[in-house]
Amino acid sequence: MRGNDVIGILFAYVHEERVRELTQNRVMASVPYGGRYRLVDFPLSNMVNSGINKVGVITEQNYQSLMDHLGSGKAWDLSRKREGLYLLPPFGAETMRTEGKISSLASIMRFLKNSHEEYVLLSDCDTVANIDYKEVFALHTAKEADITIIYRHGTSPDTDKNVVYTVDPEGFIRDMVVKRGSDTDCNFGMGMCLIGRKRLMAMIEECMGRNLYDFDRDLLQRNLPELRVVGYEFTGAAYCISSLGSYFKANMALMEPKVRTQLFEPSRPVYTKVRDDMPTRYGLGSVVSNSIVADGCLIEGEVENCVLFRGVQVHKGAKLRNCVIMQDTVIGENCRLNYVITDKDVIIQDLPGIYSLSPYSSEEIVTRDFLLNEKPTGIIN
């Protein structure tokens, strides 16, 4: 199987209700990560690095920032005369995409029918990982599988809907259960699977004819006994963004060299939209330790264990610890932030006192006489 015989389909909007603080004004795929990336950069780069040159991105609403980020797909070498990147918005859809993935796929049925590739690779955009899909293609062919599902072994995310698989010694999936996350180790899905294009279209039409819209229960679980379903275990670094806490931990994990090596493999680079900017300037008296700092920043204060996106300004006297500060945020003089996440273009004024977040509101900035020292309670936006 060759990569150019596979269509990539990305679901840009799924699971965004889990991190509503971050997705109120953007889709899940365009949530910023790691100082300069968006979540969509990882699955999209994985597909491009695996030889897939035709990718469709299914959107639903609030996708303006995603369109601005992706553009024509030039950063991913998908700006082509033939094939390339396709944005699939809901205009002209005959079904409501909010019903689930199946209705979303049904609304792009014409796109699937007009394609000539033999296989379809489906992926969510809520997982940060660097996956070589060529290995998935090889396993799918070797096992003569109908569907290949990518999963991980470990503690599943704490969400209401996790798919847990029972995998036999030969790698075939014999059972799957949709349940809440648990503390015990299990084989849980990563929201990615490889399936034949014609088979997928037939299964979608059957589900739509029966008013079945849940992809995991109605398309996969219901047909599991009749199909050869293979599981591909991914063992590298991967972080599922299932809550604000998991988003914070995924950013903080970049402080570890081992994680950075696995996520940013030199042979499989992660591409993103280019923003040409000057190098970061460090003022006299500034102190920066164990932090990820993007270009275009101005740092005059103290920064420790933080992720700073492009264009962040930290003025004199400001002290940041354990923070994720998004693009073009301005931290005023003498501000102290600990375990805080800010959205883009936030301005924290030069006022005395210690700034943190109210545990009762995600929009209110309050002054405290102590620092948060456990975990982020919300997001300043």
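Is C335 buried or exposed? C335 is buried, with a relative accessible area of 0%. Here are some further points to help you find your way around this predicted model.

1. **Confidence first.** Across the protein chain the pLDDT averages 88, and 89% of the residues score at least 70. Please take care with residues 353–378, where the pLDDT is below 50. That stretch still has 57 contacts in the model beyond near neighbours in sequence. Where pLDDT is low, the predicted coordinates should not be read in detail.

2. **Cysteines.** The count of disulfides comes to zero. C306 is a good place to check this: the nearest cysteine sulfur belongs to C323 and is 4.5 Å away, and C306 is in no disulfide. A pair of sulfur atoms has to be within 2.5 Å to count, so the separation of 4.5 Å between C306 and C323 does not qualify. C306 is buried, with a relative accessible area of 0%.

3. **A parallel sheet.** Look next for an open sheet of four strands, in the order β15-β18-β21-β24, with parallel pairing. Its edges are formed by β15 (287–289) and β24 (336–338), each of which pairs on one side only. From one strand to the next the twist averages 5 degrees. For a detail, follow strand β21 (residues 319–321), which pairs with β24 in the parallel sense over three bridges. There R321 stands opposite N338 in β24.

4. **Two backbone angles to check.** Most residues other than glycine have a negative phi. N334 has a positive phi, near 65 degrees, and lies in the loop between β23 (330–331) and β24. Y339 also has a positive phi, of about 55 degrees, although it is not a glycine; this residue lies in the loop between β24 and β25 (341–342). How exposed is N334? N334 is partly exposed, with a relative accessible area of 44%. Y339, at 18% relative accessibility, counts as buried, because the limit for buried is under 20%.

5. **Strand β11 and its partners.** Strand β11 (residues 185–196) is mostly covered, with nine of its 12 residues buried. Strand β6 (residues 119–124) runs antiparallel to β11 and is joined to it by five bridges; S123 stands opposite M192 in β11. Strand β8 (residues 147–155) pairs with β11 over nine bridges, also in the antiparallel sense, and here R152 faces F188. Strand β9 (residues 162–167) pairs with β11 in the antiparallel sense over two bridges, where Y165 has N187 as its bridge partner. Strands of a sheet pair through backbone hydrogen bonds.

6. **I195 as a meeting point.** Which residues does I195 in strand β11 touch? Leaving aside neighbours within four places in sequence, I195 is in contact with Y119, V120, D146, I147, L200 and M203. The C-alpha atoms of I195 and Y119 are separated by 5.7 Å, although the two residues are 76 apart along the chain. I195 counts as buried, at 2% relative accessibility.

7. **The nonpolar cores.** The largest nonpolar core has 38 residues, and I9, L105, L122, I204 and L219 touch the most other members. Helix α7 (residues 197–209) gives the most to this core, with five residues. Another core, of 33 residues, lies apart from it and includes W76, I131, M192 and L194. To explore the largest core, you could start from L105, one of its best-connected members. Outside its neighbours within four places in sequence, L105 is in contact with I9, F11, I58, L112, L122, L200, I204 and F215.

8. **A buried histidine.** H69 sits in helix α3 (residues 64–70) and counts as buried, at 8% relative accessibility. Not counting residues up to four places away in sequence, H69 touches R38, V40, D41, W76, T272 and K273. W76 is also among the residues of the 33-residue core.

9. **A covered helix.** Helix α9 (residues 244–252) is mostly covered, as seven of its nine residues are buried. The buried residues are L244, S246, Y247, F248, A250, N251 and M252.

Notes. Residues are numbered from 1 along each chain as its sequence is written. This is a predicted model: local features need pLDDT of at least 70, side-chain atom pairs count only at pLDDT 80 or more; totals for chains, interfaces and linings use all residues. Side-chain values use heavy atoms; hydrogens and water are left out. Two strands pair if DSSP finds at least two bridges between them. Axes are lines fitted to C-alpha atoms, for helices over the stretch in contact, and angles run from 0 to 180 degrees between N-to-C directions. A nonpolar core is a set of buried Ala, Val, Leu, Ile, Met, Phe, Trp, Tyr and Cys residues joined through side-chain atoms within 4.5 Å. Buried means under 20% relative accessible area, exposed over 50%, partly exposed in between (1.4 Å probe, protein chains only). Contact means heavy atoms within 4.5 Å. pLDDT is the predictor's confidence in each residue, from 0 to 100.
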